[in-house]
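Welcome to this short tour. Please open the structure in your viewer and keep the selection tool at hand.

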Amino acid sequence: MIGDFSVAPENDALRAVRIGIITFPGTLDDRDAARAVTLAGGTAVGLWHNEANLQSVDAVIIPGGFSYGDYLRAGAIARFAPLMDKVVDASKGGMPVLGICNGFQILTEAHLLPGSMIKNNHLKFSCADQLLRVENNTTAWTGSYEKNSGMVIPLKNQDGQYVADEKTLDELEGEGRVVFRYDGANPNGSRRNIAGITNAAGNVVGLMPHPEHAVEPGFGPDSSAYGEVGLGYGTDGLGIFTSVLTSLVAGGK
Ligand SMILES: NC(=O)CC[C@H](N)C(=O)O
């Protein structure tokens, strides 16, 4: 377990769910992801990239940062980490996997999600609060959200432009696999304003913005500034973590 950040009323079934958080050399947001899991009521388990097994976790989060310094291409080296083979195998067996920002980049490099991430079209690092729409609330990671609800969470990256060929984009749209879409101005040139996608089974999800930085009242972006959208001041991202806990408990975990 990484730290003890518990503030939610204890629920034994939720707390029994173990969510693994992988740290690579250059990862930045592993502790924030662990904190988000703990605040949502689960147990965060720290996993190091070159370990041989997933320590019987129930789900995995690949957090944001600059694994291997983004050398070669963001995520291109991390995908060869020994633990990633286990993540690929487990995901094929239905284990929920979430990639946030650099984690999303790693998931595309590992071919668990289609397409890839290139430099933002303005060629600058962005850091801003970002409004998204949750278009698919049937994945393992989005069941706590209303379909098409708004959420405002931080976006911070340099390689955030999601690209894929037209056939893949049409497939993603046709199969409802665009999970998150940027609302308002497109912040990075992503095709069709895509901010996050899922695999066909709905257990693997990747998104560029950072839900783990918007989980505590008063510390995340003020979504009330965007009108009716948002789940609460500063906590729009928390539902990602409660979603997976709830879905695992409902599934018999
Ligand atoms: N915040 C992050 O995870 C950064 C992701 C990535 N390395 C980029 O800058 O594009």
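Which residues are around the ligand? Before you click, keep in mind that this is a predicted model. Now select Gly64, Gly65, Phe66, Asp70 and Ala74, then add Cys101 and Asn102, and finish with Lys156, Asn157, Gln158, Asp159 and Gly160; these are the residues around the ligand. Try colouring this shell by class: you will find six polar residues, three nonpolar and three charged.

Keep Cys101 from that shell selected for the next stop. An unreviewed UniProt entry places the feature "active site" at Cys101, His210 and Glu212. These residues are spread over 112 residues of sequence, yet they cluster in space, with a largest C-alpha distance of 10.9 Å. To find His210, go to the loop between β11 (204–207) and α6.

From that loop, move on to helix α6 itself, residues 238–250, and show helix α2, residues 30–40, with it. Their axes come within 9 Å and cross at roughly 60 degrees, so α2 and α6 are oblique to each other. The crossing is right-handed. For the contact, select Ala36, Val37, Leu39 and Ala40 on α2, and Leu238, Phe241, Thr242 and Leu245 on α6. How do the residues of this contact divide by class? Seven are nonpolar, one is polar and none is charged.

Note on methods:
Residues numbered from 1 in each chain as written. Predicted model: local features only at pLDDT ≥ 70, side-chain atom pairs only at ≥ 80, totals over all residues. Axes fitted to C-alpha atoms, helices over the stretch in contact; angles between N-to-C directions. Helix = DSSP H or I, 4+ residues; strand = E, 2+ residues; numbered from the N terminus. Parallel < 35°, antiparallel > 145°, perpendicular 65-115°, else oblique. Left-handed = near helix turned anticlockwise from the far one by under 90°. Contact = placed C-beta atoms within 7 Å. Nonpolar A, V, L, I, M, F, W, Y, C, P; charged D, E, K, R; others polar. Near = placed C-beta within 6 Å. UniProt positions renumbered as here; feature names shortened; annotations may be inferred.
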